[in-house]
Amino acid sequence: MSIDIVTIVSELGLLIAGIVMLFLIPRAIIIGRKFVSRTFKSRAFWFAGVMIIALFALLSALISLLFNLYPSSSFSGLGINAFLAWVLVMFVYADSTILVTLEMDFLHRNTFHWRPVRTLAYVAIFANVFYLYAFISVTKAPTCSGLCPPVYLPGLPSWVPAIFPGILVPEALLVFIVTFGYALSAVIVGARRTSDMTMKRHVRWLGLSFLVFLGFFVAMIISPNGNLLLASFLVLVLVYTFYGALMSLTRIGRVDKVEKEIKR
């Protein structure tokens, strides 16, 4: 019996990332409870929520690998639905981070006109998530390698393929990349304009996290067959940046705890 070293290494990478996330979630909740500032408390609790969704997506991918539930050539079924949920939550997290940087900017500059643009960005993200989710629901998982033509489930009305054609999938993915890339740019610039040094360090780590996540998303689109080693490596790097983002809040969390005890 041959042993697939690449798959084993990839599974170990995802397993390690999952264990780290299990550590980060309660840590973020504990830190959030120690904060006095609502802004920092919200950051910590938001972080915990994002990690829960990320852990669910990671476990879905790990289970798919361990039990060979889906073809390795695509993110289909449970894995891709979990990943779409992660994309959506990451964008909302990026938006909330940008809003915090706008509030903490001493000059109150509207970075990249984000306040009026964010409504359009939300519409684009949610509409494309809905489209991709619906498209996946009415098609079969591909059984070939590379780019496969969509195969719709039997018994569907004739209007279903017309409303959810596979030709729109690349456009939907492109909208994700452009919208998320714009939000990433606003996060990076907002971090530079934030006056609070702790928040500046935190947002810089988050900016790096969003950059790695965007790179992971692009890599999975460019390589439909899926480079398992590259994917697991990027996930580990992403988890490391999340760890740095959370630990950047630890010091001020201790200060807030001391202030709370003094007030008592």
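These are my notebook entries on a predicted model, taken in the order in which I looked things up.

**Ground rules**

I number residues from 1 along each chain as its sequence is written, and my side-chain values use heavy atoms, with hydrogens and water left out. Since the model is predicted, local features need pLDDT of at least 70 and side-chain atom pairs count only at pLDDT 80 or more, whereas totals for chains, interfaces and linings use all residues.

**Confidence**

I began with pLDDT, the predictor's confidence in each residue on a scale from 0 to 100. The chain averages 83, and 85% of the residues score at least 70. Among the elements of the chain, α6 has the highest mean pLDDT, at 92, and helix α9 (residues 250-263) the lowest, at 49. I then marked two stretches where pLDDT stays under 50: residues 71-75, for which the model has 16 contacts beyond four places in sequence, and residues 253-262, for which it has 11 such contacts. A contact here means heavy atoms within 4.5 Å.

**Overall layout**

I looked up the secondary structure next, with helices (H or I, at least four residues) and strands (E, at least two) taken as DSSP runs and numbered from the N terminus. The chain comes to 9 helices and 0 strands. Of its 264 residues, 44% count as buried, where buried means under 20% relative accessible area, exposed over 50%, and partly exposed in between, with a 1.4 Å probe and protein chains only. I also noted that residues 24 or more positions apart account for 76% of the contacts with a separation of 6 or more.

**Leu-24 and Leu-246**

I followed one pair of residues from both sides. Leu-24 is found in helix α1 (residues 5-34), and Leu-246 lies in helix α8 (residues 228-247). Leu-24 is buried, with a relative accessible area of 0%, and Leu-246 likewise counts as buried because its relative accessibility is 0%. Leaving aside neighbours within four places in sequence, Leu-24 is in contact with Phe-47, Met-51, Val-239, Phe-242, Tyr-243 and Leu-246. From the other side, and with residues up to four places away again not counted, Leu-246 touches Leu-24, Arg-27, Ala-28, Ile-31 and Phe-47. For distances along the chain and in space, I wrote down that the C-alpha atoms of Leu-246 and Phe-47 are separated by 7.7 Å although the residues are 199 apart along the chain, and that those of Leu-24 and Met-247, 223 residues apart, are separated by 9.4 Å.

**Ala-82**

I checked Ala-82, which is found in helix α3, and it is buried, with a relative accessible area of 2%. Neighbours within four places aside, Ala-82 is in contact with Phe-56, Ala-57 and Ser-60. Ala-82 and Leu-59 are 23 residues apart in sequence and 9.3 Å apart in space, C-alpha to C-alpha.

**The loop between α3 and α4**

Two histidines drew my attention here, His-108 and His-113, both placed in the loop between α3 and α4. Phi of His-108 is near 55°, a positive value in a residue other than glycine, and phi of His-113 is also near 55°. His-108 is exposed, with a relative accessible area of 58%, and His-113 is exposed at 56%.

**Helix α4**

Helix α4 (residues 114-137) has 24 residues and reaches 33 Å from its first C-alpha to its last, close to the 34 Å expected at 1.5 Å a residue, the expected span being 1.5 Å times one less than the number of residues. Its buried residues include Trp-114, Tyr-122, Ile-125, Asn-128 and Phe-135.

**The cavity**

My last search was for enclosed space: on a 1 Å grid over the protein atoms alone, a cavity is a set of points where a 1.4 Å probe fits but cannot get out, and lining residues have an atom within 4 Å of a point. The structure holds 1 cavity of 30 Å³ or more, and about 50 Å³ of space lies in the largest cavity; grid points are joined across faces, edges and corners, and a volume is the space filled by probe spheres set on the points. Its lining is Val-87, Ile-125, Phe-176, Ile-177, Phe-180, Phe-213, Leu-214 and Phe-217. α6 (169-193) and α7 (197-222) each supply at least two residues of that lining. I sorted the lining residues into 8 nonpolar, no polar and no charged, with Ala, Val, Leu, Ile, Met, Phe, Trp, Tyr, Cys and Pro counted as nonpolar, Asp, Glu, Lys and Arg as charged, and the others, Gly among them, as polar.

Key: On a 1 Å grid over the protein atoms alone, a cavity is a set of points where a 1.4 Å probe fits but cannot get out, and a pocket is an open set with protein on both sides within 12 Å along at least five of seven lines; lining residues have an atom within 4 Å of a point.
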